[in-house]
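Please open the structure in your viewer and keep the selection tool at hand. The tour below moves from stop to stop, saying what to select and what is to be found there.

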Amino acid sequence: MSTTETRKFEAEVAQVLHLVTHSLYSHKEIFLRELISNASDACDKLRFEAIAKPELLSGDAELHIDVSWDPEARTISVSDNGIGMSRDEVIANIGTIASSGTRRFLEAMSGDQQADARLIGQFGVGFYAAFVVADKVTVLTRRADAPTAEAVKWESDGKGEYLLEQIEREARGTTVVLHMKADEDEFLKNWQLRSLIRKYSEHVAFPIRLPKDDDGKPGDEVETINAASAMWTRAKSEISDEEYQDFYKGLGSDFNNPLAWAHNRVEGSQAFTTLLYIPAQAPFDLMGANRDERKGLKLYIKRVFIMDAAQELLPPYLRFVRGVVDADDLPLNVSREILQQNRQVDRIRASIVKRVLDLLEKMARDEPEKFATFYSAFGNVLKEGIVEDPSNRERIAKLLRFASTAGEGAKQNVSLDDYIGRMKAGQEDIWLITGETYAAAAGSPQLEALKAKGIEVLLLFDRIDEWMLGSLSEYEGKKLRNAAKGELPLDEADKKKQEEASEAAKPLLERIRTLLGDRVADVRVSARLVDSPSCLALADFDMAPHLARLLREAGHDMPESKPTLEINPQHALLKRLEGVSDEAQAADLAVLLLEQAEVAAGATLDDPAAFVQRMNRLLAG
Ligand code: ADP
Ligand code: MG
């Protein structure tokens, strides 16, 4: 078997390479952060494997990362004595993009360099950032458990092919050599590399070393550049805001400062530390299909990185949280299966949920603007908690924000507490309505009577709201009531008025019932309407018509439920209907009353063309 071969990159790799090198040009310095992050991961992996096989560390137990440069050869090298890679691993990890995230990455690239740069780390394509500054990259690597004769050299100019060769290598781990492009001299300098390491990699848990003098070659005297300690083990009082922020950025996947963080140590028989961050921006796939693919909370056990355990340590509705958990008393050889049914993990998880809710409550109270930023990024995710975490339902509900008839347009900034504080004397319930958009909700005819009485109504128009409301029927002892559902008369006086109006409209109701036939469940006089001629009234368990339509459009089988039509006998249209003797015209009018109520509720019209013809007949007539 030949030990040297040339292979083609998988098609998608070539595409990613092309995109990465072109879109990252204004952020090219991140290549170093990405390579150091890979080196650090490799050291973490070795330390983890060495728990079971201590001999892997033999002779070279101190894990570290070396950065060096050669101004004459115009190369920069990043070296680690971590786990290394076998030939197959090199092919799998660097020559192909195994992760299903690749396609999503390609689709997510926006052309906005700032945003695209953020995506790089998120998608596990960091290695390719090397080609932004280098026109050739050489990787020399030996897996910690492979003999020295079975090391691998990988080399590519990033243009479609790479070379693989079996080589000898004494040192365990990986060296990545970047042959810098002609105009990238700025990176071949001690101060430049030093400042990039400080900027991006200060909190990498392994020492990052750099030669002291100016010619950069390895073998010279080196010094450690970064703090190389687990920052979360230090006392809060000794850590500056800037250090917290840098540490967050070092976690990867976000260049921006976090909105807030909480750093806590729980002492006792089962001690653990949590450092939790709330990002300022949602990653692009937060609401997507991958609700269960949670990432970003790293589990350490006594300072040893074990795995990303967001799935085990965060409920789905807090999946935006990033950070570190370090537990003192879990077994180092813990597996995902064990994590899923471990008492202590349950405790840690509960503590994380509590800390995050504390943090959000504090933010909502003390820094409402920050909280608004949080809410616009993650409010819809938080709502899932209303359904999924009954034990914290009241706390989560307190954090929800809505648009309202008493609010500022579509701005979602009214809390349930605000609402309760403004309730009218004698008002018992919290009123709300859902719609497909803000305008649809705000313009619902069902609100007219409430508005006329000066009763505030919350306006909900996110898709998740209907689902959430199924689990939120009460807050602080007050019922949440949908203005489009059930019977509306609010008090005895109203009830009496409505009964009288129904009595007076009896013949009219009967006529409309006959004209509409089995298209409606019933026709009745509305207590909701003031200005509009008609609206739909839903039963308590009916789904909102706009949602039923969306689900139907998405291919779900939705039962057809017949609406109840409510009319406003005071309206000119109904007066007109009373006076029409031509049956065909009366039928047009009656059906139009139903159809306009359906349109206002965002329901599907059975026959839009017929609706248009009907309307035109009446307009012309
Ligand atoms: P990510 O780090 O997000 O997985 P990268 O593109 O940065 O994505 O790296 C791809 C893969 O290549 C890594 O997951 C790892 O398996 C492998 N790799 C890269 N650098 C090293 C290294 N220094 N030592 C060992 N493996 C590495
Ligand atoms: Mg990486």
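Begin with Cys535, which counts as buried because its relative accessibility is 1%, bearing in mind throughout that this is a predicted model. Next select Cys43, which also counts as buried, in this case at 0% relative accessibility. With cysteines on the screen, one may ask how many disulfides a search of the whole structure finds. The search finds zero.

**Two residues with positive phi**

Select Arg74, in the loop that runs between strand S2 (65-70) and strand S3 (75-80). Although Arg74 is not a glycine, its phi is positive, at about 60 degrees. Is Arg74 buried, partly exposed or exposed? With a relative accessibility of 21%, Arg74 counts as partly exposed, given that the buried class is limited to values under 20%.

Then go to Glu476, which sits in the loop between strand S18 (474-475) and strand S19 (478-482). The phi of Glu476 is positive, near 50 degrees, in a residue other than glycine. Glu476 has a relative accessible area of 41% and is therefore partly exposed.

**Residues to view with their partners**

Select Ala130 in helix H6 (residues 130-133), where the relative accessibility of Ala130 is 0%, so that it counts as buried. Which residues does Ala130 contact, once its neighbours within four places in sequence are left aside? They are Phe31, Val137 and Leu178, and displaying their side chains together with Ala130 will bring this set into view. Add Leu17 to the selection as well: Leu17 and Ala130 are 113 residues apart along the chain, while their C-alpha atoms are separated by 9.7 Å.

Move on to Arg198, which belongs to helix H7 (residues 190-201) and is partly exposed, with a relative accessible area of 46%. If you draw a distance from the C-alpha atom of Arg198 to that of Asn226, the separation is 6.1 Å, although the two residues are 28 residues apart along the chain.

The next selection is Ala403 in strand S15 (residues 403-404), a buried residue with a relative accessible area of 0%. Leaving aside neighbours within four places in sequence, Ala403 is in contact with Gly409, Ala410, Lys411 and Gln412, and also with Tyr438, Leu458, Leu459 and Phe461. From Ala403, turn to Ala441, which is 38 residues away in sequence and 9.8 Å away in space, C-alpha to C-alpha.

**Three pairs of packed helices**

For the first pair, select helix H11 (residues 343-366) together with helix H12 (residues 368-388), which pack at an angle of about 135 degrees with their axes 8 Å apart. That angle makes H11 oblique to H12, and the crossing of the two helices is left-handed. On the H11 side the contact is made by Leu360, Met363, Ala364, Arg365 and Asp366, and on the H12 side by Pro368, Lys370, Phe371, Phe374 and Leu382. Colouring the contact of H11 with H12 by class gives seven nonpolar residues, three charged residues and no polar ones.

For the second pair, select helix H19 (residues 506-516) and helix H21 (residues 572-579), whose axes are 11 Å apart and which pack at an angle of about 80 degrees. H19 and H21 are therefore roughly perpendicular to each other. H19 brings Leu508, Arg511, Ile512 and Leu515 to the contact, and H21 brings Leu574, Leu577 and Glu578. By class, the contact of H19 with H21 has five nonpolar and two charged residues, with no polar residue.

For the last pair, select helix H22 (residues 583-600) and helix H23 (residues 608-620), whose axes come within 10 Å and cross at roughly 125 degrees. H22 and H23 are therefore oblique to each other, and their crossing is left-handed. The residues to display are Gln585, Asp588, Leu589, Val591, Leu592 and Glu595 of H22, and Phe611, Arg614, Met615, Arg617 and Leu618 of H23, which together make the contact. What is the make-up by class of the contact of H22 with H23? It has six nonpolar, one polar and four charged residues.

Conventions
Residues numbered from 1 in each chain as written. Chains lettered and ligands numbered in written order. Predicted model: local features only at pLDDT ≥ 70, side-chain atom pairs only at ≥ 80, totals over all residues. Heavy atoms only, no water. Axes fitted to C-alpha atoms, helices over the stretch in contact; angles between N-to-C directions. Helix = DSSP H or I, 4+ residues; strand = E, 2+ residues; numbered from the N terminus. Parallel < 35°, antiparallel > 145°, perpendicular 65-115°, else oblique. Left-handed = near helix turned anticlockwise from the far one by under 90°. Contact = heavy atoms within 4.5 Å. Nonpolar A, V, L, I, M, F, W, Y, C, P; charged D, E, K, R; others polar. Disulfide = S-S within 2.5 Å. Buried < 20%, exposed > 50% of the residue type's maximum accessible area, 1.4 Å probe, protein only.
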